[in-house]
Amino acid sequence: MAGSKDTVYIKADRNVEVTKSDVTLGDVLKIECANPSVTAKIKTIKLLKFHHIDNKHQNRTAVSILKVIECIHSEYPSVDIQNMGEQDFIVTYEEQQTAGGFIHFLKLLGVVVTSFIGAAFSIMTFNNDVDTSKLFSQIYEQMTGTASDGFTILELTYSIGLIIGILVFFNHFGKKKFTVDPTPMEVEMRLYENDIQTTLIENYSRKEKELDVGKSDTPGGHRT
């Protein structure tokens, strides 16, 4: 057993994915202790189990860090536990699925086509709203004194500038990034993920379905 002077440091990320239904503390936490045997034992302590309910997977739950501390104290009552991570976190159970390369290619193609069509449609509707072609014709006629034929240096530079602007804004071309800063898409995705995770945790807490001290190790508080 651990001595009274042992200190255990634990850290949980906001959202943790697991690929097995029986979840241990080592699956969801980063654990550090000066006593290696304590660390190894804590990693094997069972936290929760995902079950089949109505032929569907109860594949997500919120866990309070107090439940983690309770599990550790059940084995080592005298250890000092220092939480360095989240107060509440989400555990998501995902079964291993190996889709073929052709399926991945179709998914990628679908995303590329959808993104291209959506972006092109947005640009065209914007140009139509502000009547860009008429504006360029007026500017060209005022500057040169001749009527525009619809394709002048203004349209050419506008098209080139549009491409450069998109690449600079998104800071990304293929697998290459122009700077080390995250792209605007990456920033928005992280903000979206944080909002989703916060909402999930609050919903579980309000519905009293969060895995907390004194509750069963089955998501939603159900026992089998």
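**Getting to know the chain**

Trainee: Let's begin with Lys46. In which strand is the place of Lys46?

Mentor: Keep in mind that you're looking at a predicted model. If you find Lys46 in it, you land in strand E5.

Trainee: Is Lys46 buried, exposed or partly exposed?

Mentor: Check the relative accessible area, which is 40% for Lys46. Buried means under 20% and exposed means over 50%. Since 40% falls in between, Lys46 is partly exposed.

Trainee: How far apart are the C-alpha atoms of Lys46 and Asp27?

Mentor: Along the chain, these two are 19 residues apart. In space, the separation of their C-alpha atoms is 9.5 Å.

Trainee: Let's zoom out. How many helices and strands are in the chain?

Mentor: You've got 224 residues to look through, and 25% of them count as buried. The secondary structure comes to seven helices and 10 strands.

Trainee: What share of the contacts with a separation of 6 or more comes from residues 24 or more positions apart?

Mentor: Set the cut at a separation of 6 or more, then pick out the pairs 24 or more positions apart. Their share of those contacts is 65%.

Trainee: Which helix gives the most to the largest nonpolar core?

Mentor: That core has 29 residues, and those with the most contacts inside it include Ile10, Leu25 and Val68. Several elements supply at least two residues each, among them strand E1 (7–11), helix H1 (25–28), helix H2 (36–43) and strand E10 (88–93). With four residues, the one giving the most is H3.

Trainee: Val28 is on the list of those with the most contacts in the core. Which residues is Val28 in contact with, leaving aside neighbours within four places in sequence?

Mentor: Leave those neighbours out and you still find Val28 in contact with Lys11, Ala12, Val16, Val18 and Val23. Further along the numbering, add Leu47, Phe89 and Val91.

Trainee: Is Asp6 buried or exposed?

Mentor: You'll find Asp6 in the segment before E1. Apart from residues up to four places away in sequence, Asp6 touches Cys33, Asn35, Val38, Val79 and Asp80. Its relative accessible area is 15%, and because the limit is under 20%, Asp6 counts as buried.

Trainee: Now Lys41 in helix H2. Which residues does Lys41 touch, not counting those up to four places away in sequence?

Mentor: Lys41 has 35% relative accessibility and counts as partly exposed. The C-alpha atoms of Lys41 and Ile72 are 9.4 Å apart, with their positions 31 residues apart along the chain. The residues touched are Glu75 and Tyr76.

Trainee: What is the phi of Asp131 near?

Mentor: Asp131 lies in the loop between helix H4 (101–130) and H5, and at 33% relative accessibility Asp131 is partly exposed. Its phi is positive although the residue is not glycine. The value is near 55°.

Trainee: How is H5 oriented relative to H6?

Mentor: Helix H5 (residues 132–144) and helix H6 (residues 153–170) pack with their axes 9 Å apart, at an angle of about 130°. Roughly perpendicular stops at 115 degrees and roughly antiparallel needs over 145. The angle sits between those limits, so H5 is to H6 oblique.

Trainee: How do the residues of that contact divide into nonpolar, polar and charged?

Mentor: H5 brings Phe136, Ile139 and Tyr140, while H6 brings Leu154, Glu155 and Tyr158. The division is five nonpolar, no polar and one charged.

Conventions. Residues are numbered from 1 along each chain as its sequence is written. This is a predicted model: local features need pLDDT of at least 70, side-chain atom pairs count only at pLDDT 80 or more; totals for chains, interfaces and linings use all residues. Side-chain values use heavy atoms; hydrogens and water are left out. A nonpolar core is a set of buried Ala, Val, Leu, Ile, Met, Phe, Trp, Tyr and Cys residues joined through side-chain atoms within 4.5 Å. Buried means under 20% relative accessible area, exposed over 50%, partly exposed in between (1.4 Å probe, protein chains only). Contact means heavy atoms within 4.5 Å. Axes are lines fitted to C-alpha atoms, for helices over the stretch in contact, and angles run from 0 to 180 degrees between N-to-C directions. Angles under 35 degrees count as roughly parallel, over 145 as roughly antiparallel, 65 to 115 as roughly perpendicular and the rest as oblique. Ala, Val, Leu, Ile, Met, Phe, Trp, Tyr, Cys and Pro count as nonpolar, Asp, Glu, Lys and Arg as charged, and the others, Gly among them, as polar.
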